[in-house]
Structures are given as C-alpha cells and as structure tokens.
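Trainee: I would like a close look at one part of this model, and then its setting in the rest of the chain. Please take me through the strand pairing there.

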Amino acid sequence: MIPLTAGGIAAVVGGTVAGDAAAEVRAPAVLDSRAAEPGGLFVAFAGEHTDGHDHAAAAGEAGATVVLGTRPTALPTVVVPDARAALQALAAHAVARLRAERDGRPGGGLTVVALTGSQGKTSTKDLTAAVLATAGPTVATAGSLNNELGVPLTMLRADRNTRFLVLEMGARRVGDIAALTGLVAPDVAVVLNVGQAHLGEFGSRAAIARTKGELVRGLAPGGTAVLNGDDPRVVAMRALTDGPVRTFGRAGHADVAVRGLALDPLGRPSFTLRTADGSASVALPFTGAHLALNASAAVAAALAVGVPLDAAPAALAGAALSKWRMELRGLACGARLLNDSYNANPDSTRAALDALAAVAGGRRIAVLGEMLELGAESADAHRAVGEYAAARADVVAVVGAGALPIADGAGARAVPLADRAAAVAWLRARLRPDDVILVKGSRGARLDEVAAALA
C-alpha cells in the first residue's frame, strides 16, 4: 500500500479521525485482525455474528496502526458511515496514484490486468501472474477474493514497486463487474467463458454474458480485450470495445492458439502456443487438459502488455495454483487424490472428470457434492453431470441430499452417501493402492474436508 496517514485516509474517504491523525499506514489492509501486518490498516465491519471493532486491539498487537470503521476503537480510527464504501474509495485512490506515477516519475504507471469468466478464473489468474512476474513485480488476487471487498483489498496490496496488478473479478448479479471496474478500469480485460455458474442468480446465460461483458465495457481508454476465441458468447464481446482485441484458444484463428495438446500419465498437459510471431513449447505441472486453455489466456494477456512469448514456458512450468485446485497427491495407501474441491459448476466438474479419466491408475472414483446456485436447471444439470461422470469413473460417490440427482444420472455406478463423514468412512474402508480419487463440489458442500481427511 502507498504510505498514508490516518488524516490522509480520512481526507480521501470523507471520514473523521478518532485518535492520532499522524499515525501512518504503510502495509496492506486486512479484514481479519489475525492477518494484520506491522504498519497495516485494519478494516472493521460490524457483522451478524461478530463486530470487527471489538478486535481492533488484537489487530494493533499484530502491528496494525490504523483502523477504518464506523466507530472509534482502541487504535487511531478513521470513522466513516460505510466501511465498505470507504475501503473501495481508498483502493481507487491508491491505484490511481500508482498509475499516475512510477518511482516518482510522472507518465509511468501501474498496469492493471483484470479477468473474469464462469470457471477457470483463479487458475488463469495464477498463471497470468506467473508470466507477468518475469517482467516486473506483480501483485495478484489471493485465492478467490474477487468480490466487492476482495478486489479493493488486493488493490491496496500494490505499492510503488508494483509493475502489474492482476485482479480476478467475480459476479453474482448483473452490475457487479461494472461496479468493480468503476473502482479500477483495467488496461487488459480477459474474459474466459460464459457458463452456468450462478445461473440461479442470473436467470439465463444471456444475463451471464452481459455481466461478463461489463469487464470489456469497463476497459481503460485504449485498453485491450483478451477473449476466448472458442466461446461464441465471448467472441461477441468484441463489439463492446473500440480498442485492440486479442483472442486465445484452440481455434485455428486464435491469436494465441493451443496446438499439439498431449497428456502425460498424471494427466499433465504439454502443448505448443502459436502466435503470428512465433511459438513456444509449454509443459504444465498440473493435472487437467483444460489448463492449456487457461495458459493460452495468460500468455495472451502478457503479450498484450509487452511480455515476450519466450518468457512463458519457464514461468508456466514454475507456476503454483491456489489451494484445492487440481491438487494431485499420493496417499499413504498408495492411491492418488485429485483435490479440486474449492468450488464447482457443471462445466468445471466436467473438466475435472476429464482430468480424472486422464490420470493413469486402477479404479477411478469421483466423489461429487452439490453444485449450488443453478436455479431451476439444478436437478437436470446434476443428472447430466452424473451421466458424464459414469462415462469417466468406475465409481461415482455422491455426497449429500442436494447432490442426489447426480446419482440418478450415474445409474449403477453411483454410491449415494449421506454426508461428508459417511464419504470418508466409505472411502477409507474401500480404497485400493492404484485408485485415483477426484473430490469436487461447490464451496458450500465443504468437500475439502473429505480431501483433508483422506490426506
């Protein structure tokens, strides 16, 4: 974060200071007092179950110097009517200053890359950050902190040494991404796909497409749109900008095209990325053919800001994905666990099932939980995933009542299990040394607990 005093923050967000107005913030903002850093800003919210203001002293013990909240605390506090609005205003101000000057020189500036899509956002964000980091210090969204709080918190992690800021942007309703681009207009906007995630909230894929298109509409003047050339709904977003457009994907006409895709015995993809100016051979250290498409998006974004293609292979080979995303590990019993339990929708679950089928081994066991927020199409979508799973797994373990339509679709391969404890018990009693187990479900299904118990 750029250094600011409590008084300076108050001037930016329209607040008043209770306590020492000269207290300085020089480290990132946090919402959890346990994550506070020396010189940091603690943002206090009064929630349904806990009031962050009551944890200000603990944040101070961890090193926080200033609180942003709606009432005075034990630390110097910038008091505002609305802490969320103030956090967003502060983040917008900080990034605007960084864009206006770099190393004290006017005319430089921070480059902002934002991305969205119905699935693959987080892994693509991780890969994009890895490639950009070859050209300069890079700050990227931690995990999936991609909402109205996560985006400004990420923005406030940038400082005068930061060259690239990579922002994952999510949405649950029309207008969410427009609100985020109102805080920071990206120099590069990456749109991955238009799928079924949050279909229950949006009501239709057309509404989802309009919302993802808000990222392209929100580009900074002269900014570049990076679009999935394999998804017609995304390609159509070309009409939303007058600026440059680059495409990625497997289509022959893509500006960054995936060619010669092959998988090793662990399902890890190797391929060539071909552009008009050359090609690069890439081998990813992660399981899942779908990650090749995400890598092509990352490289297209990097090319748009001047990072050379030849930087991509080593950067992608050394990249790390956020937790619970396509994590393949061996278990003590000799089986392999593919943990993709962070979240799920029909498209991402199919991709994970394809990855399961690609890993060499004996039985393939798909442990699937409910996919939330699918609205009226939920039962049909779950049954269709069950049918897909039955064609790629020997056993489809269906966890929880909400996921039961998956069992309907999987037919004879299905094993309905009442809850997570039942799933763990069933698996522990039956796992064989050569088994490969996929764990996948929406965040609310908490199947990460199943994966953790097995590991």
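Which residue in β20 stands opposite L328?

Mentor: L338 in β20 stands opposite L328. Keep in mind that this is a predicted model.

Start with the two strands around that pair. β19 covers residues 327-330, and four bridges join β19 to β20. The two strands run antiparallel. Together β19 and β20 form a hairpin, with five residues between them. In the turn, G334 has a positive phi of about 100 degrees.

Now move on from the hairpin. β20 covers residues 336-339, and four bridges join β20 to β24. Here the strands run parallel, whereas β19 and β20 run antiparallel. Two pairs fix the register. R336 has V436 in β24 as its bridge partner. N339 stands opposite V439 in β24.

β24 also pairs with β21. β21 covers residues 364-368, and five bridges join β21 to β24. These two strands run parallel as well. For the register, take I365: its bridge partner in β24 is I437.

How covered is β24? Five of its five residues, 436-440, are buried. V436, L438 and K440 lie on one side, and I437 and V439 lie on the other. Both faces are covered, and the lysine K440 is among the buried residues. Look back at the bridge partners with that in mind. V436, the partner of R336, is buried on one side of β24. V439, which stands opposite N339, is buried on the other side, together with I437.

Next, the setting. The UniProt record, an unreviewed entry, annotates residues 325-443 as "domain: Mur ligase C-terminal". Over that range the chain is 37% helix and 23% strand. The end C-alpha atoms of the range are 12 Å apart. The domain assignment divides the chain into domain 1 (4-81), domain 2 (86-318) and domain 3 (327-454). The hairpin strand β19, residues 327-330, therefore starts where domain 3 starts, given the bounds of that assignment.

Compare the sheet that runs from β10 to β18. This is an open sheet of nine strands with mixed pairing. The strand order is β11-β12-β10-β13-β14-β15-β16-β17-β18. The edge strands are β11 (138-140) and β18 (278-283), and each pairs on one side only. On average, neighbouring strands are turned by 15 degrees against each other, direction ignored.

One pairing in that sheet deserves a look. Five bridges join β10, residues 111-116, to β12, residues 164-168. The two strands run parallel. V113 stands opposite V166 in β12. Helix α4, residues 121-132, packs on the sheet and touches β10, β11 and β12. Its direction makes about 175 degrees with that of β12. Helix α8, residues 205-217, packs on the sheet too, where α8 touches β10, β13 (188-191) and β14 (224-228). The direction of α8 makes about 160 degrees with that of β13.

Helix α10 is worth a stop. α10 covers residues 291-304 and has 14 residues. From its first C-alpha to its last, α10 reaches 20 Å, close to the 20 Å expected at 1.5 Å a residue. Of the 14 residues, 13 are buried. S296 lies in this helix. The relative accessible area of S296 is 0%, so S296 counts as buried. Leaving aside neighbours within four places in sequence, S296 is in contact with F248, G249, V256, V258 and L273. Just after α10, G306 takes a positive phi of about 95 degrees.

Last, the other end of the chain. A second open sheet has five strands in the order β2-β7-β6-β5-β4, again with mixed pairing. Its edge strands are β2 (16-18) and β4 (29-30), each pairing on one side only. Two bridges join β4 to β5, residues 41-43, and the strands run parallel. A29 stands opposite L41 in β5. Between domain 1 and domain 2, 13 residues of domain 1 are in contact with ten residues of domain 2. The centres of these two domains, taken over C-alpha atoms, are separated by 31 Å.

Back to your part, then. L328 stands opposite L338 in the antiparallel pairing, and β20 pairs parallel with the buried strand β24.

Note on methods. Residues are numbered from 1 along each chain as its sequence is written. This is a predicted model: local features need pLDDT of at least 70, side-chain atom pairs count only at pLDDT 80 or more; totals for chains, interfaces and linings use all residues. Side-chain values use heavy atoms; hydrogens and water are left out. UniProt positions are given in the numbering used here, feature names are shortened, and annotations may be inferred rather than shown by experiment. Two strands pair if DSSP finds at least two bridges between them. Axes are lines fitted to C-alpha atoms, for helices over the stretch in contact, and angles run from 0 to 180 degrees between N-to-C directions. Contact means heavy atoms within 4.5 Å. The expected span of a helix is 1.5 Å times one less than its number of residues. Buried means under 20% relative accessible area, exposed over 50%, partly exposed in between (1.4 Å probe, protein chains only).
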